[in-house]
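Here is the note you asked for, set out as numbered points to be read beside the sequence and the structure.

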Amino acid sequence: MSAKLMVEVTSEVSPSTVALATAARQTGGKVVCIIQEQKLDKPQKVIEETGLNDMVEFKTGDPVDVLPNYENIDFSLVDCKTKNYDKLIEKLDVNPERSVVVTNNVEGRKGVIGKLKKVENEVKIFSTKHPMGEGLEVTMIESVKLGTHSHGHQRGKTNRGKVKLGAKSKWVFEVDEKSGEEHIYRTRK
């Protein structure tokens with residue numbers, strides 16, 4: 001989807017952080033990794049060792065306070081073990097033209113639909129929950145008015161571009177039987 005602004009809310013840097021940084025390098029975007037506690041020595045070292053430190057911006061603090069600094073987020077990965085989950089999802093300012101919100105550890109929680117900013121009548125929302133780990137929800141948002149895509153950016157800075165939405169696609173979920181790794185990806189039909 002050529003995501004330009006990706007935001008991860010997590011308690012620690014994980015393989016997902018590295019995967020998002022790798023994707024950001026491919027799309028020319030960036031990853032904002034919001035970590036609640038100031039445990040940045042190890043995470044920054046991991047990212048530096050992978051050569052992706054120019055793709056990731058680390059922010060520490062309460063995600064509910066940090067998240068409002070970013071708008072039109074194209075892709076977000078939110079660990080729902082964080083405090084104030086409902087407030088956090090409400091602060092998530094997704095790109096209403098086209099975005100993906102992945103929430104993990106959602107077992108026993110209501111989904112994100114109805115809580116996201118800027119998601120109104122002229123938007124299609126597809127959401128699915130998977131029983132992976134302690135639950136995973138993938139929510140895809142797409143404007144009914146196909147044809148343009150506004151790239152995410154930090155508040156106060158403008159970075160808009162137009163990208164034609166391509167052929168229809170489908171989401172694929174696979175589990176590697178040997179390693180137990182879970183893979184979700186999008187393919188064109």
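1. In which strand is Ile34 found? Ile34 is found in strand β2, and the reader should keep in mind that the model is a predicted one. With a relative accessibility of 0%, Ile34 counts as buried, because the limit for that class is under 20%. The C-alpha atom of Ile34 lies 4.8 Å from that of Val9, although 25 residues separate the two along the chain. When neighbours within four places in sequence are set aside, the contacts of Ile34 include Val7, Glu8, Val9 and Thr10, and among the others are Lys59, Gly61, Pro63, Val66 and Leu67.

2. Ile34 also appears in the description of the nonpolar interior. The largest nonpolar core has 23 residues, and those with the most contacts inside it are Val7, Ile34, Leu67, Ile73, Leu92 and Leu116. At least two residues of this core come from each of β1 (5-10), β2 (30-35), α3 (63-66) and α4 (85-91). A second core, separate from that one, has 22 residues, including Ala24, Val31, Leu52 and Val138.

3. The sheet is the next matter to set out. It is an open sheet of 7 strands, in the order β3-β2-β1-β5-β6-β8-β7, and its pairing is mixed. At its edges stand β3 (56-60) and β7, each of which has a single partner strand, so one side of each is left without a neighbour in the sheet. From one strand to the next, the twist averages 15 degrees. Helix α1 packs on this sheet, where it touches β1, β2, β3 and β5 (75-79), and the direction of α1 makes about 170 degrees with that of β1.

4. The two senses of pairing can each be illustrated. Strands of a sheet pair through backbone hydrogen bonds, in either the parallel or the antiparallel sense. Here β1 and β2 are paired in the parallel sense over 6 bridges, and the bridge partner of Glu8 in β2 is Cys33. Strand β6 (residues 98-104), by contrast, runs antiparallel to β8, to which 7 bridges join it, with Met140 in β8 as the bridge partner of Val100. Strand β7 (residues 123-130) is likewise antiparallel to β8, over 8 bridges, and Lys124 stands opposite Glu142 of β8.

5. How many of the 8 residues of strand β8 are buried? In strand β8 (residues 136-143) 7 of the 8 residues are buried, so the strand is largely enclosed by the rest of the structure.

6. A residue of helix α1 deserves a separate look. Thr17 is found in helix α1 (residues 15-27), and Thr17 is buried, its relative accessible area being 0%. The side chains of Thr17 and Glu8 are joined by a polar contact of 2.5 Å. Not counting residues up to four places away in sequence, Thr17 touches Glu8, Cys33 and Ile47; Glu8 and Cys33 are themselves bridge partners, Cys33 being in β2.

7. A last point concerns the cysteines. Cys33 counts as buried at 0% relative accessibility, and Cys80 is buried with a relative accessible area of 0%. A search of the whole structure for disulfides finds 0.

Key: Residues numbered from 1 in each chain as written. Predicted model: local features only at pLDDT ≥ 70, side-chain atom pairs only at ≥ 80, totals over all residues. Heavy atoms only, no water. Buried < 20%, exposed > 50% of the residue type's maximum accessible area, 1.4 Å probe, protein only. Helix = DSSP H or I, 4+ residues; strand = E, 2+ residues; numbered from the N terminus. Pairing = 2+ DSSP bridges. Core = buried A, V, L, I, M, F, W, Y, C linked by side-chain atoms within 4.5 Å. Polar contact = N/O pair within 3.5 Å; in protein donor to acceptor, adjacent residues only side chain to side chain. Contact = heavy atoms within 4.5 Å. Axes fitted to C-alpha atoms, helices over the stretch in contact; angles between N-to-C directions. Disulfide = S-S within 2.5 Å.
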